[in-house]
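Hi there,

Here is the structure we talked about, with my notes underneath. Could you look through them with the model open beside you?

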Amino acid sequence: MVLKDVILIFAILGLAGIFIISIFFLFGYHIIYKRVIKKQQTLTFGKLVLFIILFSYIFVVVGATLLLRNSSNGLRGHLSLHLFSSYRSAWYHYSAAEWRNIVLNIIMFIPFGILLPILYPKLRRSWSVIGICFSGILFIEVCQFVTKRGIFEIDDIIHNVLGALIGYGFFCCVFTLRYCRPIQIRKLILTLIPLFSTMAVFLAIFVVYQLKEFGIMTQTYAYKIDMKNIELSYDMDFCDEYGQAMVYATSGLASNEQIKTFANDFFSQLETTYDENNTRFIKNHVAYFSAKAPNGQRLSLGVDYLAMTYSYEDYSKSEYNMVYVDEQSVKDKLTAYNIFIPESANFTEQEDGLCRFDTISETDGSMTLCGWLECEYYDDDTIKKIYNHLVKCDAVRMVDIISEQEAYERIEKGMFCCDFDSQINSLHILSVELLYEMDTKGFLQPVYNFMVEINGVEQANIFIPALS
């Protein structure tokens with residue numbers, strides 16, 4: 001879900017909340033409070049508006065965190081008690097969505113920190129605001145866990161409480177400037193510490209990333225996996241010698257104009273042009289293009305901003321069948337898409353018509369092309385689907401890398417990224433090799449690829465970044 005979708009949902013819930021809460025509030029105030037209980041205290045228009053805003057916002061928060069979620073996600077209903085794991089995950093996954101969620105979790109409770117002390121003078125001490133907000137947050141997290149509509153995360157509680165403190169700081173700042181004489185500068189600064197600290201942390205994260213020579217490896221673990229009940233085995237000897245490997249540079253992050261030029265050149269080879277009205281640019285991620293072939297069939301192209309790897313699909317494939325084909329025939333057909341496979345690349349045919357090329361990793365700096373390519377060959381003698389992750393690369397410098405033995409020991413300690421759907425009872429290591437994966441700045445860094453068997457059935461890869 002992108003940010004505009006989040007804003008739209010909050011806006012819809014907010015308007016619905018204002019309407020519903022206004023009706024209930026006016027009914028409760030005029031019928032129950034004044035006529036039944038016979039209380040005569042009069043609400044000012046300003047307070048009435050603030051009460052409606054507060055209860056409407058409660059409606060929005062409950063709706064966004066519980067009511068609009070379903071329980072179909074397998075990750076929901078879990079506990080995440082790893083402190084600051086959300087930051088590690090957002091950092092190592094280099095995920096704009098995860099950073100957005102962290103920021104939204106902080107922002108979400110800022111209004112409570114402002115509205116509660118305005119409406120209830122007895123709540124004008126920080127501990128009272130924190131106590132009420134913490135209780136509400138805990139209730140939401142427990143409900144998410146019990147109903148499986150979210151994950152109970154310790155980081156969410158911290159972020160929400162921080163948001164309430166920032167809101168309370170805003171209230172104290174305005175209240176102090178307006179009503180307190182003489183103004184106590186020290187107290188004023190103390191109330192704004194949560195805001196300034198949060199801004200400083202995010203600024204520091206941004207600066208640290210910009211100063212890094214290389215990017216972030218998304219294969220790095222966010223938190224350690226508990227290996228106590230996981231049986232780990234292997235049938236090989238791991239090399240315990242440390243070594244060196246070359247880091248390579250690719251074309252890096254492309255601009256919109258470079259992406260457009262690439263798409264235009266790609267479709268021109270197919271004697272067509274893309275439809276600008278059906279083009280979508282997702283900033284720093286993927287651009288999607290749509291076109292029609294001369295025979296009227298729909299074509300699509302998705303280009304990654306990082307090194308401009310891409311996927312291509314001809315939707316006429318549904319009318320044909322995939323077939324076996326020899327390596328040279330595939331290479332010849334790929335030249336029509338301006339793709340030239342090096343002779344040294346390994347060729348495999350994984351199933352009928354699904355072909356794959358893998359380059360050989362060269363750690364000495366001699367590699368000029370790195371990655372893999374998959375394509376589907378059909379019985380009309382054409383290729384109708386391509387996943388091209390082959391990138392041109394240039395040697396940067398040699399770096400020290402850990403040994404196979406140390407990489408294995410990191411798995412032994414649970415220091416690896418786990419994306420497996422099933423619960424892990426056993427891991428059996430089948431093989432290990434040193435290859436290259438792209439980091440978030442477009443550099444190719446060496447990683448150890450462990451082919452493992454999970455629970456004696458499913459095979460998967462565990463990647464351990466090799467830089468020491």
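One definition first: a residue is called buried when its relative accessible area is under 20%, exposed when that value is over 50%, and partly exposed in between. Please also keep in mind that this is a predicted model.

**Salt bridges**

That definition is handy straight away. Arg-356 has a relative accessibility of 18%, so this arginine counts as buried. Which residue does Arg-356 pair with in a salt bridge? The partner is Glu-374, and the closest N and O atoms of the two are 2.9 Å apart. The pair links distant parts of the chain, with Glu-374 in strand E11 (residues 369-378) and Arg-356 in strand E10 (residues 354-358), 18 residues apart. Glu-374 counts as buried too, because its relative accessibility is 14%.

In general, side chains of opposite charge can pair when their charged atoms come close. The count for this structure comes to eleven salt bridges. Another of them joins the side chains of Arg-397 and Glu-213, at 2.8 Å from N to O. Arg-397 belongs to strand E13 (residues 394-401), while Glu-213 is in the loop between H9 and strand E3 (231-234), so this contact ties together parts of the chain that are 184 residues apart in sequence. Here the partners are partly exposed: Arg-397 has a relative accessibility of 37%, and Glu-213 has 42%.

A more local case is the salt bridge between Lys-260 and Glu-257, at 3.9 Å from N to O. Both residues lie in helix H10 (residues 256-269), three residues apart, which is about one turn of the helix. Lys-260 is partly exposed at 31%, whereas Glu-257 counts as exposed at 54%. There is also a network of salt bridges that links Asp-314, Asp-380 and Lys-384.

**Strands E5, E6 and E7**

Next, have a look at strand E6 (residues 286-292). Is E6 mostly covered or mostly open? Mostly covered: five of its seven residues are buried. Strand E5 (residues 280-281) runs antiparallel to E6, and two bridges join them. In that pairing, Arg-280 stands opposite Tyr-288 of E6.

E6 also pairs with strand E7 (residues 298-304), again in the antiparallel sense, over seven bridges. Phe-289 has Leu-301 in E7 as its bridge partner. The hairpin of E6 and E7 has five residues between the strands, and Gly-296 takes a positive phi there, near 95 degrees. As a reminder when you look at side chains here, those of a regular strand alternate between the two faces of the sheet.

**Aromatic rings**

How many aromatic pairs does a search of the whole structure find? The search gives 25. One of them is formed by Tyr-87 and Phe-202, whose rings are tilted at 45 degrees between the planes and lie 6.4 Å apart, centre to centre. This pair links distant parts of the chain: Tyr-87 is in helix H3 (residues 85-93) and Phe-202 in helix H9 (residues 193-211), 115 residues apart. Tyr-87 counts as buried, with a relative accessibility of 18%, while Phe-202 is partly exposed at 23%.

If you would like to see several rings together, go to the aromatic cluster formed by Phe-262, Phe-266, Phe-267, Tyr-310, Tyr-312 and Tyr-337.

Arginines meet rings as well. The charged end of Arg-298 sits over the ring of Tyr-315, 4.1 Å from its centre. Arg-88 lies over the face of Tyr-221, at 5.0 Å from the ring centre.

**A nonpolar patch on the surface**

Last stop: Leu-79, Leu-81, Phe-134, Leu-138, Val-142, Phe-145 and Val-146 make a nonpolar surface patch of about 610 Å². Which helix gives the most to this nonpolar patch? Helix H6 (residues 126-147) does, with five residues. Val-146 lies in this helix, and at 60% relative accessibility Val-146 counts as exposed.

Happy browsing, and do write back with any questions.

Best wishes

Terms used:
Residues numbered from 1 in each chain as written. Predicted model: local features only at pLDDT ≥ 70, side-chain atom pairs only at ≥ 80, totals over all residues. Heavy atoms only, no water. Patch = residues over 30% accessible without salt bridge, like charges linked within 9 Å, V, L, I, M, F, W, Y side chains within 5 Å. Areas by Shrake-Rupley, 256 points an atom, 1.4 Å probe, with all protein chains shown as cover. Salt bridge = Lys/Arg side-chain N within 4 Å of Asp/Glu carboxyl O. Helix = DSSP H or I, 4+ residues; strand = E, 2+ residues; numbered from the N terminus. Buried < 20%, exposed > 50% of the residue type's maximum accessible area, 1.4 Å probe, protein only. Phe/Tyr/Trp six-rings, centres within 6.5 Å; stacked < 30°, edge-to-face > 60°. Lys NZ or Arg CZ within 6 Å of the ring centre and 35° of its normal. Pairing = 2+ DSSP bridges.
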